[in-house]
Amino acid sequence: MVRDFEAVLKGKYPGKAHAKRVVEQIRKSKPDANGVIYLEARLTKLLEDSDSPEHFRQRRYFYYLTGCNVADCSVAYDIQSGRSTLFIPPIDSDDVIWSGLPLSIDDALREYDVDEVKFTSEVNATLTHLAKQNPRSTVFAIGNQVSDHVTFLQFSDKDFDTVKTAIEISRVVKDDFEVAMIQKANHIASRAHRAVIDRAKTAASEQELYATFLERCVSHAAPEMAYHPILAAGRAAATLHYVANNAPLSGKLNLLIDAGCEWNNYASDITRTFPLTGQFTKESRDIYAIVSRMQRECTERIKGGMLWDDLHLHAHRIAVEGLLALGILKGHVEEILDARTSAAFFPHGLGHHLGMDTHDTGGNPNPNDKDKLFRYLRLRGHVPAGAVVTVEPGVYFCEFIIRPYLDDPAHSKYIDSEVLDKYWDVGGVRLEDNIHVTENGYENLTTAIKEMSEVEAAAARN
């Protein structure tokens, strides 16, 4: 399916539809729930010992019900009537001198999926009116996210726990508008990935490539990164969340770039690996081929309701088969899998939910799992149709991780250290796409090139 995401995004963010979904979720645990959902946006906060504000990041719970990316706002959704009221800051004449006119009531009504817009000075009066309309109603809010001046005295009950969980569950399944937002973020980030490959032909350091990725995203109206980008050259690619992004490129074989931007708070999360010399070495090609197969076969098995744990295990099986064929591992596939020796080369999870957060809600990870193959898996259990997930297998050669395996007879008997020594400079190879799960299959939202021949052609120097 080819989605015209730009056409979809001409509409309004479906905040009220999301609110109705949240109410349905609340009523699964509280069948008689009535009253008001009250949520606040992120408040403006100054940096410590400074008169400048902290970088603004909207509260995702508030955004999910409004699509509003403005600080110091709030929303009240009346469960009985299904009406949504957005509260925006009143005009501060002193602030206008420095920052210009703020969002107006008319602008907000045109832009957001709400029924009414008022100033935040009217929050208490409005909440009191809504509470009096239904004397036995509850106000649903999020603990520690309600301003001190806001009062819920007229409500018969106050619930500071239920709505947060209800929103987190609701966010797992994306509607068409949300998928279009993620696809837009992927479109921009994919172009930025290509720009990095082009810049690598003349760049001298990782930070030049880092700057190139940022420039492409900012110039396409996506200034916010979904997470700190990773641009790791050579052996640094074996560090899963490498952050320095400042090492020289000279003498390095490959560059692993894990980077994605946000589009109106919705994330992309893309990883590619390409040769800095324009052509993969034999060893790099060997590992790239294994990771490509891991990603391709796992993606092809995706459909609504599949068990993610099984998909993760299948990725490990392919990794073992590939490393056995190269001679890095020795023995039998099942024995190596049972010993969990493959975790030395593929230590992280196959993927995670993606949405307003890079590691989005609903993954149900178990960091205390005694099975090292699943301990760092951020997504567990069955994945519903409508979710968006990442598929990001990798094979790495990190001495800090692998050396203890070489010193442990339970694992070292499966590893040929002489063959392994040929692969340290590969560093690591990871490929990551963003996948929309459908009832009977999937839709790949990521367009950045990844076929080995295409990557080499793009990376080739003149």
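In what order do the three strands of the open sheet with strands 12, 15 and 16 stand, and is the pairing parallel or antiparallel? In this predicted model, the order is 12-15-16 and the pairing is antiparallel.

## The sheet of strands 12, 15 and 16

The edges of this open sheet are strand 12 (388-391) and strand 16 (442-444), each of which pairs on one side only. From one strand to the next, the twist averages 35°. Strand 12 and strand 15 (residues 433-437) run antiparallel and are joined by four bridges. Within this pairing, T390 has N434 in strand 15 as its bridge partner.

Helix 10 (residues 282-300) packs on the sheet and touches strand 12, strand 15 and strand 16. The direction of helix 10 makes about 155° with that of strand 12.

## The sheet of strands 7, 8 and 11

Another open sheet of three strands has the order 7-8-11, and its pairing is antiparallel. Strand 7 and strand 11 (270-275) each have a single partner strand, so one side of each is left without a neighbour in the sheet. The twist in this sheet averages 10° from one strand to the next.

Strand 7 is joined to strand 8 (residues 254-259) by four bridges, and the two run antiparallel. L231 has I257 in strand 8 as its bridge partner. On the other pairing, strand 8 and strand 11 are antiparallel over six bridges, and A259 stands opposite I270 in strand 11.

In a regular strand, side chains alternate between the two faces of the sheet. Strand 7 (residues 230-233) can be read in this way: I230 and A232 point one way, while L231 and A233 point the other way. All four of these residues are buried.

## The annotated N-terminal domain

An unreviewed UniProt entry places the feature "domain: Aminopeptidase P N-terminal" at residues 13-148. Over residues 13-148, the chain is 35% helix and 18% strand, and the end C-alpha atoms are 29 Å apart.

Helix 2 (residues 15-29) comprises 15 residues. From its first C-alpha to its last, helix 2 reaches 22 Å, close to the 21 Å expected at 1.5 Å a residue. The buried residues in helix 2 are G15, K16, H18, A19, V22, V23, Q25 and I26.

S147 is located in the loop between strand 5 (138-140) and strand 6 (157-159). Because its relative accessibility is 14%, S147 counts as buried. Apart from neighbours within four places in sequence, S147 is in contact with E40 and L43.

## Cysteines

How many disulfides does a search of the whole structure find? The search finds zero disulfides. C73 is in no disulfide, and the nearest cysteine sulfur, that of C68, is 4.2 Å away. C73 counts as buried because its relative accessibility is 2%.

Why does C261 form no bond with C217? The sulfur of C217 is the closest cysteine sulfur to that of C261, but the 4.2 Å between them is too far for a bond; the cut-off for a disulfide is a pair of sulfur atoms within 2.5 Å. C261 is also buried, with a relative accessible area of 0%.

How values were computed. Residues numbered from 1 in each chain as written. Predicted model: local features only at pLDDT ≥ 70, side-chain atom pairs only at ≥ 80, totals over all residues. Heavy atoms only, no water. Buried < 20%, exposed > 50% of the residue type's maximum accessible area, 1.4 Å probe, protein only. Contact = heavy atoms within 4.5 Å. Pairing = 2+ DSSP bridges. Expected span 1.5 Å × (residues − 1). UniProt positions renumbered as here; feature names shortened; annotations may be inferred. Axes fitted to C-alpha atoms, helices over the stretch in contact; angles between N-to-C directions.
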